[in-house]
Protein chains: 2
Amino acid sequence: MTHWTIDKARKLDAHDPLAPKRAFFEIPEGVIYLDGNSLGVLPTSVPDRVQRVVQDEWGKGLIRSWNDANWMSLPSCVGARIARLIGAAPGSVVAADSTSVNLFKMVVAARRLRPGRSKILTETGNFPTDIYVLQGISDLLGAGTTVEKLTRSGPGSEHVLDALDQDTAVLCLTHVDFRTGTFHDMAAVTAKAHEVGALVVWDLAHSAGALPVDMTATGADFAVGCGYKYLNGGPGAPAFLYVAPQHQNQIQPPLSGWMGHAKPFDFGEDYTPAPGVARNLCGTPVVLGLSILDEALKVFGDVDMLDVRAKSMAMGDMFIELVEARLAGHGFTLVSPREGRLRGSQVSFASADGYAIVQALIERGVIGDFRAPNIMRFGFTPLYLSYEDIYRAVEALEGIMDSGVWRDEKYSHRNAVT
Amino acid sequence: MTHWTIDKARKLDAHDPLAPKRAFFEIPEGVIYLDGNSLGVLPTSVPDRVQRVVQDEWGKGLIRSWNDANWMSLPSCVGARIARLIGAAPGSVVAADSTSVNLFKMVVAARRLRPGRSKILTETGNFPTDIYVLQGISDLLGAGTTVEKLTRSGPGSEHVLDALDQDTAVLCLTHVDFRTGTFHDMAAVTAKAHEVGALVVWDLAHSAGALPVDMTATGADFAVGCGYKYLNGGPGAPAFLYVAPQHQNQIQPPLSGWMGHAKPFDFGEDYTPAPGVARNLCGTPVVLGLSILDEALKVFGDVDMLDVRAKSMAMGDMFIELVEARLAGHGFTLVSPREGRLRGSQVSFASADGYAIVQALIERGVIGDFRAPNIMRFGFTPLYLSYEDIYRAVEALEGIMDSGVWRDEKYSHRNAVT
């Protein structure tokens, strides 16, 4: 049994300080979107901004817009908006390239600050592209650089804390686990890493815009993050990177392109890194993608991340209670932390039939996603979801399970991407 | 004196087989655009495509569009359109990332195929970001990898041919010089490089879509190129890369992200490169940028690059004749090859007052650009320029020089970007 009713959900919506934000997003008719942790929805003001950039800035302004429309400053302007969300000092974030490419830049830069050490530590549950990029770095830099993958031994970060030693050059972790939503205590892990002289690179893909993080207070060294999840920058949006002020002028960027040069338009023959975080830029700014991300981030302008966090935890708690009460006996196992304060902005249940169930849900307009091998993942984006959405989503799940419709073989056909 | 008249220019336009292509582009009122070699103009069909991608594919389809709208195949579909323009075998080009990032990937991959050698050769006149990226690679890989910059000694490629030796791992050249438009004989240079066992990485930034190139016939090993110049993909458009079929499964990508994995959605713990050129992808595809580039490339669908080349040479010849006839005595020195067959799709004149003159021209709607230290650069894009444009452009230049208006101090104020 559960005390949840549709009326109770609606009452919470009526008192939700973030409820007005829903009007800033285009939610398709008939859709309950629990996948903002994979691709955020379209902010309402984006189409106009896009047309302005395409038809006026590009179409009419042409090459003149590099100056007149401030295209050149987009990486740092967008970076400044993100800095506010992740507790980063002004001038320590730029938006550019993909998360994978930025991770390469940051890990190599960090590794070069610790030349006498050999190990890059990560964990088996890290997002695959992060592990792959680290393996690529190890292969590239040769025998002196090894990657060690640690396996989680409990709900906390003990497996990481125990492995940190004098030979650890870099620790590279995703803050919030993409499968389970478990997260590391950023301050404690960073402090322990610094104690043994290691540097930490955080992947904020499932943190930025989802829960409060504080680069400055936690003493983080480097971070990267994604523009198309909770930041709503659209499919393949530019990613971002953060470099702590004390490292900014110490690091040597491995991807030393002209946009990271101190004076790119002098067209000099030798690379001289720009001062500050800008040296981590490489090629020409992705003007359209950065403009969309810039526009999308405006929605966060007056948002208090503590409000986001409170609503996210409440929604997750509600979802767990409802699923466990109404879907008992269907073999769903909660794989996310039960306690909201230990969980990112998602709830995952394991089920051997997870793939088909998620497809059947998607066909009914309740969009979550499936992550191999058996995880049904539901993301909570407090800016555009209501408590009623959560209630309706579980109702839909109940309908699918009780009717057995998910057993239709069409739902087990695997797509390229889920 | 010159035999050019406005009537003669119009007569050429009337018989120009490419003249109908102009209607596929948005040329701003009052603008003669001689800067398509820096940023191509907006193709007419792009705004609709953009709105479809933003409002329907992203806005309504959301995460489902990775499958339903074929987002995942954009890098290879766009690559296939580019392959046709550069004489590349099917399945040997992908569009992704920036030119600088792709150059890093290709040069490192090539360098790793020649482990016993130490030298990466390039030239002092190469585009700065290419040189900077090479310097970054040398710093990253350590003492065993050096960069040697060769200085042009004449109109041909002798300085390069003479330097190639048994210790050369990789030769990295931009095909068409961005300042002067001089270009290398790709087949001859590649053949000589192969003779000594070196590999060649070509930067096609000023070639793709501007003049016929043939990756297969010239035996090119690797290439990269730009999406926002002659291909008209918009500011910061995705770039592309080419890998010759025989190298595709031999190379080890240094940026080993999930999109280059053999099975990215298995979310496995170890990197296994995808077969073929796809292993050179890294992060999530830039859906919007790729969609625009895809749309822009449709204009080239029925274009014969030999027609483009013929018109480009004719326009360049006409421009040189007109400038030399009408602007004699203003101290302009032709720095591009006089012979059309030796010149890319641009004409450059040196002038100590080049910066101010170009600014004065831009203010009058004739948009060329300035490249340090003293180059006035005029690009010819046969798909959307007319012979009458060329005539009018020189008329405008004449007006500026004869009136002396360029001496106004407002034109010597330097912008961030020119």
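In this predicted model, the contact between the two chains takes 76 residues from chain A and 76 residues from chain B. On the side of chain A that touches chain B, the elements that give two or more residues are helix 2 (46–61), helix 3 (65–68), helix 5 (99–112), helix 6 (128–141), helix 11 (287–298) and strand 12 (369–371) of chain A. By class, the residues on this side divide into 40 nonpolar, 24 polar and 12 charged.

The copies meet through the same surface, because 100% of the interface residues of chain A are also interface residues in chain B. A turn of 180° with a shift of 0.0 Å along the axis lays chain A on chain B with an RMSD of 0.0 Å. This is the relation of a two-fold axis.

Within chain A, the domain assignment gives domain 1 (6–43 + 304–412) and domain 2 (48–298). The C-alpha centres of domain 1 of chain A and domain 2 of chain A lie 29 Å apart. Where the domains touch, 24 residues of domain 1 of chain A are in contact with 22 residues of domain 2 of chain A. Helix 12 (305–326) and strand 10 (346–350) of chain A each supply at least two residues of the domain 1 side of this contact. Helix 12 of chain A gives the most to that side, with 4 residues.

The two sides for which residue classes are given are set out below.

| Side | Nonpolar | Polar | Charged |
|---|---|---|---|
| Side of chain A that touches chain B | 40 residues | 24 residues | 12 residues |
| Side of domain 1 of chain A that touches domain 2 of chain A | 10 residues | 11 residues | 3 residues |

Strand 10 can also be followed in chain B. Of the 5 residues of strand 10 (residues 346–350) of chain B, 4 are buried, so this strand is largely enclosed by the rest of the structure. Strand 10 of chain B is joined to strand 9 (residues 333–334) of chain B by 2 bridges, and these strands run antiparallel. Strand 10 of chain B also pairs with strand 13 (residues 375–379) of chain B, in the antiparallel sense over 5 bridges.

A350(B) takes part in both pairings. This residue of strand 10 of chain B stands opposite T333(B), and the bridge partner of A350(B) in strand 13 of chain B is I375(B).

How values were computed:
Residues are numbered from 1 along each chain as its sequence is written. Chains are lettered from A and ligands numbered from 1 in the order in which they are written. This is a predicted model: local features need pLDDT of at least 70, side-chain atom pairs count only at pLDDT 80 or more; totals for chains, interfaces and linings use all residues. Domain bounds come from an automatic or database domain assignment. Two residues are in contact if their C-beta atoms, placed from the backbone, lie within 7 Å. Ala, Val, Leu, Ile, Met, Phe, Trp, Tyr, Cys and Pro count as nonpolar, Asp, Glu, Lys and Arg as charged, and the others, Gly among them, as polar. Copies are superposed by least squares on the C-alpha atoms of residues with pLDDT of at least 70 in both. A residue is buried if 20 or more other C-beta atoms lie within 10 Å of its own, exposed if 12 or fewer, and partly exposed in between; C-beta atoms are placed from the backbone. Two strands pair if DSSP finds at least two bridges between them.
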